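Visitor: I should like to understand how the descriptions attached to this structure are justified. Please take me through the reasoning.

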Amino acid sequence: MRNITHIVVHCTGAAQSQTIDSIKNFWKNVNKWRNVGYHKIIEANGTVSELAKPSEITNGVAGHNSKSYHICYIGGKDGKDNRTEFQKATLLLELKKAKKMFPNAIILGHRDLSPDLNNDGIIQSNEWTKLCPSFDAKKEYKDV
């Protein structure tokens, strides 16, 4: 098993009607990726799909993928936290499962892995390269 240091929460940044097939098509045909972006993805109704095994490296956050496990919810359009209650419940369950697999890993959002441009040790909102996951995952899941 890989040495996982981060469990990263993502959003697709699109409407909750987006399909997993359209997301995979985008990765393959637009981004030209050979691997998927996330290990798991959660639809608006709470259905979770595994896109990659935990042992596989995905394309979730450039520069961090070899030591990260990625979970995404479909939504977050325009930087809005529009998770459904089903997605919130499923995301919490999936994060608890991931934390059992990787007990020393830190749970955080994609935006929390942005570069610290002013070198103060804190990633401020003006330093975020993305809004993803459209809420403060680090704070929300600090006790998981």
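Guide: The following exchange concerns cysteines and pockets in a predicted model.

Visitor: How do you know that C72 is in no disulfide?

Guide: A disulfide requires two cysteine sulfur atoms within 2.5 Å. For C72 the nearest cysteine sulfur, that of C132, is 6.4 Å away, so the criterion is not met.

Visitor: What makes C132 fail the criterion?

Guide: The nearest cysteine sulfur to C132 is that of C11, at 4.2 Å. The limit is 2.5 Å, and therefore this pair is not a disulfide. By this rule, the count for the model is zero disulfides.

Visitor: Why is C72 called buried?

Guide: The term applies under 20% relative accessible area. C72 has a value of 0%, so the residue is buried.

Visitor: Does C132 count as buried or exposed?

Guide: The relative accessible area of C132 is 7%. Buried means under 20%, therefore C132 is buried.

Visitor: What is the volume of the largest pocket, and which residues lie nearest its centre?

Guide: The volume is about 500 Å³. The lining has 27 residues, of which C11, T12, W27, Y38 and K130 lie nearest the centre. Two elements, β1 (6-11) and α1 (20-30), give two or more residues to this lining, and α1 provides the largest share, three residues. By class, the lining has eleven nonpolar, 15 polar and one charged residues.

Visitor: Which residues line the second largest pocket, and how do they divide by class?

Guide: The lining includes L108, R111, D112 and W128. It divides into three nonpolar, two polar and four charged residues, around a volume of about 170 Å³.

How values were computed
Residues are numbered from 1 along each chain as its sequence is written. This is a predicted model: local features need pLDDT of at least 70, side-chain atom pairs count only at pLDDT 80 or more; totals for chains, interfaces and linings use all residues. Side-chain values use heavy atoms; hydrogens and water are left out. Buried means under 20% relative accessible area, exposed over 50%, partly exposed in between (1.4 Å probe, protein chains only). On a 1 Å grid over the protein atoms alone, a cavity is a set of points where a 1.4 Å probe fits but cannot get out, and a pocket is an open set with protein on both sides within 12 Å along at least five of seven lines; lining residues have an atom within 4 Å of a point. Grid points are joined across faces, edges and corners, and a volume is the space filled by probe spheres set on the points. Helices (H or I, at least four residues) and strands (E, at least two) are DSSP runs, numbered from the N terminus. Ala, Val, Leu, Ile, Met, Phe, Trp, Tyr, Cys and Pro count as nonpolar, Asp, Glu, Lys and Arg as charged, and the others, Gly among them, as polar.
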